[in-house]
Amino acid sequence: MTGAVSAGILLYRWRGSDLEVLIAHPGGPLWASRDRGAWSIPKGEPRPGESLPEAACREFEEETGTAVDGTALMALGTVRQRGGKEVHAWACEGDLDPALVRSNTFDMEWPPRSGTMRSYPEIDRVAWYPPEAAVAKLNTAQAELVGRLQQALGNP
């Protein structure tokens, strides 16, 4: 599976009785000034022969520098983004300090047609948000995943 398929993890934690989810802001100059609707769950494309849950766990680790327990995943199903990409998602309970996140990088020509290649982090930051705030920041299609998590946890 490659191309229009991604697999990702929606990490969640409890602060007392309050649910929080971890979402990521994409790195690079194209996303630098975007906020509302720009955030995502850490996700990426599966490699040949790799299962979707394996890809989700690998991508989470590559993008945050933190591993998740692949045996403790809760399926959240699939959403289709506006551009057609299918995102398969799992939830996992865990915790991490956003200040310690270290993302992998990608190279792109910037400014366009300048001939200058620059390296950027795949995600430039992550943050914990209560569900309502996360929904406002997430890619519209991915916002549905937060509602699915709340329903699965019995936390409306």
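**Exercise 1.** In this predicted model, in which sense do strands S1 and S3 pair, and over how many bridges?

Solution.
Step 1. Locate the strands: S3 covers residues 43-44, and S1 covers residues 5-15.
Step 2. Read the pairing: S1 and S3 run antiparallel, with two bridges.
Step 3. Check one bridge: glycine 8 has lysine 43 of S3 as its partner.

**Exercise 2.** Find the sense in which S1 pairs with S5 and with S2.

Solution.
Step 1. S5 spans residues 86-93, and its pairing with S1 is parallel, over eight bridges. Alanine 7 is bridged to histidine 88 in S5.
Step 2. S2 spans residues 18-26 and is antiparallel to S1, with four bridges. Here tyrosine 12 is bridged to valine 21 in S2.
Step 3. Look at the connection: two residues separate S1 from S2 in a hairpin, and glycine 16 in the turn has a positive phi of about 70°.

**Exercise 3.** How many residues of S1 are buried?

Solution.
Step 1. Apply the cut-off: a residue is buried when its relative accessible area is under 20%.
Step 2. Count: nine of the 11 residues of S1 are buried, and the strand is mostly covered.

**Exercise 4.** Describe the backbone at proline 111 and arginine 113, then decide whether arginine 113 is buried or exposed.

Solution.
Step 1. Proline 111 lies in the loop between S6 (105-109) and S7 (117-121). The peptide bond joining tryptophan 110 to proline 111 is cis, with omega about -5°.
Step 2. Arginine 113 is in the loop between S6 and S7. Its phi is positive, near 60°, in a residue other than glycine.
Step 3. Exposed means over 50% relative accessible area. Arginine 113 has 77% relative accessibility, so arginine 113 counts as exposed.

Note on methods: Residues are numbered from 1 along each chain as its sequence is written. This is a predicted model: local features need pLDDT of at least 70, side-chain atom pairs count only at pLDDT 80 or more; totals for chains, interfaces and linings use all residues. Side-chain values use heavy atoms; hydrogens and water are left out. Buried means under 20% relative accessible area, exposed over 50%, partly exposed in between (1.4 Å probe, protein chains only). Two strands pair if DSSP finds at least two bridges between them.
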